[in-house]
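Please look over the sequence and the structure shown here before reading on. The paragraphs that follow lead from strand pairing to the helices and then to the empty spaces.

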Amino acid sequence: METYRLYYPNDFDIQLEPTALAIGFFDGLHLGHKEVIEKMIEIADEKNLKKAVMTFDPHPSVVLNPKARRTTYLTPLLEKEKMLEEKGIDYLFVVNFSSDFAALSPDTFVHEYLIKNNVKEVIAGFDFSYGQYGKGSITTLKTYDAFNTTKVLPFTEDNEKISTTKIRELLLSDQLEEANKLLGRSYEINGVVVQGEKRGRTIGFRTANIEPNGPYLLPSLGVYAVTMTIGTDDTIYRGVASIGKKPTFHDDYKVTIEVHLIDFDRTIYGEEVTVYLHNFLRGEKKFDGLDDLIEAMTKDKENAVKLLEKYNE
């Protein structure tokens, strides 16, 4: 997959092959996004076109709505890029969403970013908008003869539209399993194993401290049943993750991700890992002492083992 970063003014002048383009922010690549991208792939295969996706960085709210700007993501850009490459996408366009770009007229956007890049098919969700004040829509895209436009209807679950906003709300309110259902996969966080306080090994629960590789949205603070992969190895390790501020030991501490892997005793500092969150076990709690903490962690581990039985090799 070739990734092209586009800025305004758009001086991108590489001559690309005729392309079918799915366009949207696509944070999370959830089931609704899957509908748009799979429709693009279907059209591209039918018409022998290159498969392309156009996304934006940063999130438009950073420019358009500073009071509610979104700076954390379900799939930060590098993660999104990796997942799209796995889908067989040929071109990824990452458009810098700046103040100047936001001020473009809808027609300028179409000519500079679509027609100029040899786009022959545009596929987008029913509510896609573009150009200054969001005046451009699927309806206005259909007025252009240089390409065809396909509108994808909303994808729903229990008669409710699946959206990134809804998934974020679920992740932040202890409803991981419901969020995973809308994602169509387990929520995942990619990161690197770093040095921690090394307290876990002294109480029988050695943990890997994970530094996320990007601005991930972290779910509600608590304990989770997880699996983890290490580097390029496909082996699945079962475990328990604590996402929180360690209130038993600290009055005010940064949020950390610690994973205790079951039946695992390797040193993996510096390894890139992916943590898959499957089940929410309990919220974060401040314990009166180590004995209470160890008892709770033992129960967490027992619960995780039961919930993750299908990953037992």
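Strand β2 (residues 19-23) and strand β5 (residues 119-125) run parallel and are joined by five bridges. Within this pairing, Leu21 has Val122 in β5 as its bridge partner. As with everything described here, this pairing belongs to a predicted model. Both strands belong to an open sheet of six strands, whose order is β1-β4-β3-β2-β5-β8 and whose pairing is parallel. At the edges stand β1 (2-6) and β8 (148-152), each of which pairs on one side only. On average, neighbouring strands of this sheet are turned by 20° against each other, direction ignored. As a general point, the side chains of a regular strand alternate between the two faces of the sheet.

Helices lie across this open sheet. One of them is α1, which lies across β2, β3 (50-57), β5 and β8 and runs at about 155° to β5. Another is helix α5 (residues 106-114), which lies across β1, β2, β3, β4 (91-96) and β5; its direction makes an angle of about 130° with β3.

The model also contains a closed barrel. Six strands form this barrel in the order β11-β12-β15-β14-β13-β16, with antiparallel pairing. From one strand to the next, the twist averages 45°. Strand β16 (residues 272-283) runs antiparallel to strand β11 (residues 187-194), and six bridges join the two. One position in this pairing is Asn190, whose bridge partner in β16 is Thr274. Strand β13 (residues 222-230) is likewise antiparallel to β16, and nine bridges connect them. Here Met228 stands opposite Val275 in β16. Elsewhere in the barrel, strand β14 (residues 237-244) pairs with strand β15 (residues 256-261) in the antiparallel sense over six bridges. Gly239 has Leu261 in β15 as its bridge partner. A helix accompanies the barrel strands as well: α8 (residues 176-183) lies across β11, β13 and β16, and runs at about 135° to β16.

The next topic is the empty space in the model. In general, such space is revealed by rolling a probe the size of a water molecule over the atoms. The largest pocket has a volume of about 1100 Å³. It is lined by 42 residues, of which Gly24, Phe25, Asp127, Phe128 and Ser129 are the closest to its centre. Two or more lining residues come from each of the elements α1 (31-47), α2 (61-64), α4 (99-102), β6 (129-130) and α7 (164-171). The largest share, three residues, is given by α1, the helix that also lies across β2, β3, β5 and β8 of the open sheet. By class, the lining of this pocket consists of 23 nonpolar, 15 polar and four charged residues.

Which residues lie closest to the centre of the second largest cavity? The model has two cavities of 30 Å³ or more, and the second largest cavity holds about 160 Å³ of space. Of the 13 residues lining the second largest cavity, those closest to its centre are Arg206, Thr207, Ala208, Arg266 and Ile268. Its lining divides into seven nonpolar, two polar and four charged residues.

Technical notes. Residues numbered from 1 in each chain as written. Predicted model: local features only at pLDDT ≥ 70, side-chain atom pairs only at ≥ 80, totals over all residues. Heavy atoms only, no water. 1 Å grid on protein atoms, 1.4 Å probe; cavity = no way out; pocket = protein on both sides within 12 Å on 5 of 7 lines; lining within 4 Å. Points joined across faces, edges and corners; volume = space filled by probe spheres on them. Helix = DSSP H or I, 4+ residues; strand = E, 2+ residues; numbered from the N terminus. Nonpolar A, V, L, I, M, F, W, Y, C, P; charged D, E, K, R; others polar. Pairing = 2+ DSSP bridges. Axes fitted to C-alpha atoms, helices over the stretch in contact; angles between N-to-C directions. Contact = heavy atoms within 4.5 Å.
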